[in-house]
Amino acid sequence: MSATKTDTPPPAAPAVSGAKKARGRLSTGQTLMIVVGALFLVSAVRVITGADQLTSGGQISAALGLAVPIGLAALAGLWSERAGVVNIGLEGMMILGTFGAGWLGWQTSPWLGLVCGIGFGVLGGLVHAVATITFGVDHIVSGVAVNLLALGATQYLAKLFFADGVPAAKGGNPKQSPPAESLGDVTIPGLSSGLHSIEQHHWFLVSDLAGILGGLVTNVSVITILAVLLFVGSWWVLWRTSFGLRLRSCGENPVAAESLGVNVYAHKYAAVAISGGLAGLGGAFLALVTSHSYLEGQTGGRGYIGLAAMIFGNWRPGGLAMGAGLFGFSDALQLRNGGETVHALLLLLVVLLALLAGWKAYRKAMIQATISAVIALVVLVWYLLTDEVPGDFVGATPYVVTLLVLSLSAQRLRMPKADGMRYRKGQGK
């Protein structure tokens, strides 16, 4: 009997745990089904409401341009927080990037301005790293200080460098640098015009897909292409290399990482410096692509929205890219016949809230189901009694979307365990 007991294999607990983990994450097929379903729903809303701008190439192109700086800020926050350092100072690092790109861009070339913007962002990141990693300052306090320092420093330097002499003669003033040359953009010939032609037919689903693809291959900035490569590269480095594993271990359990020989300080410094460089690149995009010059206040809170996109994406590159795209799309609405398009989105919101109410009722969460149904009813009444959304609400749409997304995604978030915690070398001994 004892021999029989010895030969009996133990229960496969790890396999069960892995199965639970697999069930908690969407498969590729499920993700594609969600994307197709969302496209089908948006196309139906466009046909019903007649809001053709909803999926037009111009709308998607504008959304892409507005999503890039938000996405780069979100990616910057990902690098920092995966190493355990909360980076509220992204807004300030973006401000430094806009000034650096505008300052050197008009004097030399936009490419050198781009490098300078990244360098200024790295400088801001290192200031935050010294304060939080070396001196143990609270991460939130340090980030706010970086934001205030960057804003004050750039305002002073703009008055110093752009207000008089040659810069003033070329269009500079205390709040703006002289214009820089364009970095150029990329359009795929033949494909872009062909997709635009299909879009003009306004066919159900087909024209919507053509408009979306057309916006992604028409007048695409080289920095946008670089940003896409950075997203893919960040995923590969952080999740497929030993360096990324060590860096993420610093954000999960720095004491255990140190016990395994990881230089925690070095990895945290590297992560925050990369974070600053990415935020600076986002600022350089605003200065060299969006406006072709440095403008005071041109970041417009995109660093904070980038943090929201990072949280929505659950600290993963793919998720935060989707979040940045969503925020960019909502921000672009005010540029493309926003009142009518946002009014059409009210109907889409009604459908989504109704589906959410049905799902919550199925899961026996009756309170949440009732709240979702009531809100859906209110939005439906709003849609039926109006023809257009007021312009003030259109301008606030990105921030409303930010609040809605964070509130809906809050239940599935899983931040790094040691994110924001003060760490001292040898504290585990």
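**Exercise 1. Describe how helix 4 and helix 16 pass each other in this predicted model, giving the handedness, angle and axis distance.**

Solution. Begin with the handedness: where helix 4 passes helix 16, the crossing is right-handed. Next come the two values by which a packed pair is described, since two packed helices are characterised by the angle between their axes and the distance between the axes. Helix 4 (residues 57-82) and helix 16 (residues 317-332) have axes 7 Å apart, and their packing angle is about 140 degrees. The last step is to name the arrangement, and this angle makes helix 4 oblique to helix 16.

**Exercise 2. Work out which orientation helix 7 takes towards helix 5 and which towards helix 6, parallel or antiparallel.**

Solution. Take helix 5 (residues 90-105) to start with: it packs with helix 7 at an angle of about 20 degrees, the axes being 7 Å apart. Because angles under 35 degrees count as roughly parallel, helix 5 is roughly parallel to helix 7. The crossing of this pair, helix 5 and helix 7, is left-handed.

Then turn to helix 6, whose axis comes within 10 Å of the axis of helix 7 and crosses that axis at roughly 150 degrees. Helix 6 is therefore roughly antiparallel to helix 7, and helix 6 passes helix 7 in a right-handed crossing.

**Exercise 3. Locate Val137, state its exposure, and identify the surface patch to which Val137 contributes.**

Solution. Val137 is placed in the loop that runs between helix 6 (110-134) and helix 7 (139-162). Its relative accessibility is 32%, so Val137 counts as partly exposed. Together with Val130, Phe135 and Val141, Val137 makes a nonpolar surface patch of about 350 Å².

**Exercise 4. Trace the salt bridges of Arg46, and decide for each residue involved whether it is buried or partly exposed.**

Solution. One partner of Arg46 is Asp52, the two side chains meeting in a salt bridge at 3.3 Å, N to O. Arg46, with 3% relative accessibility, counts as buried, whereas Asp52, at 30%, counts as partly exposed. Arg46 also meets the side chain of Asp208 in a salt bridge, at 2.5 Å from N to O. Since Asp208 lies in helix 10 (residues 206-216) and Arg46 in helix 3 (residues 28-49), this pair ties together parts that are 162 residues apart in sequence. Asp208, at 0% relative accessibility, counts as buried.

**Exercise 5. Find the salt-bridge partner of Arg414, and say which parts of the chain the pair links.**

Solution. The partner is Glu252, with the closest N and O atoms of the salt bridge 2.7 Å apart. Arg414 belongs to the segment after helix 19 (391-409) and Glu252 to helix 12 (residues 242-252), so that distant parts of the chain, 162 residues apart, are linked. Arg414 counts as partly exposed at 40% relative accessibility, and Glu252 counts as partly exposed at 22%. To complete the picture of shared partners, Arg46, Asp52 and Asp208 are joined by their salt bridges into one network.

**Exercise 6. Judge how far helix 15 is enclosed, and contrast this with the exposure of Leu229.**

Solution. In helix 15 (residues 302-312), 9 of the 11 residues are buried, and the helix is therefore largely enclosed by the rest of the structure. Among these buried residues are Ile305, Leu307, Met310 and Phe312. After helix 15 comes Asn314, which has a positive phi near 60 degrees. Leu229, by contrast, is found in helix 11 (residues 222-240) and counts as exposed, because its relative accessibility is 55%.

Conventions. Residues numbered from 1 in each chain as written. Predicted model: local features only at pLDDT ≥ 70, side-chain atom pairs only at ≥ 80, totals over all residues. Heavy atoms only, no water. Patch = residues over 30% accessible without salt bridge, like charges linked within 9 Å, V, L, I, M, F, W, Y side chains within 5 Å. Areas by Shrake-Rupley, 256 points an atom, 1.4 Å probe, with all protein chains shown as cover. Salt bridge = Lys/Arg side-chain N within 4 Å of Asp/Glu carboxyl O. Helix = DSSP H or I, 4+ residues; strand = E, 2+ residues; numbered from the N terminus. Buried < 20%, exposed > 50% of the residue type's maximum accessible area, 1.4 Å probe, protein only. Axes fitted to C-alpha atoms, helices over the stretch in contact; angles between N-to-C directions. Parallel < 35°, antiparallel > 145°, perpendicular 65-115°, else oblique. Left-handed = near helix turned anticlockwise from the far one by under 90°.
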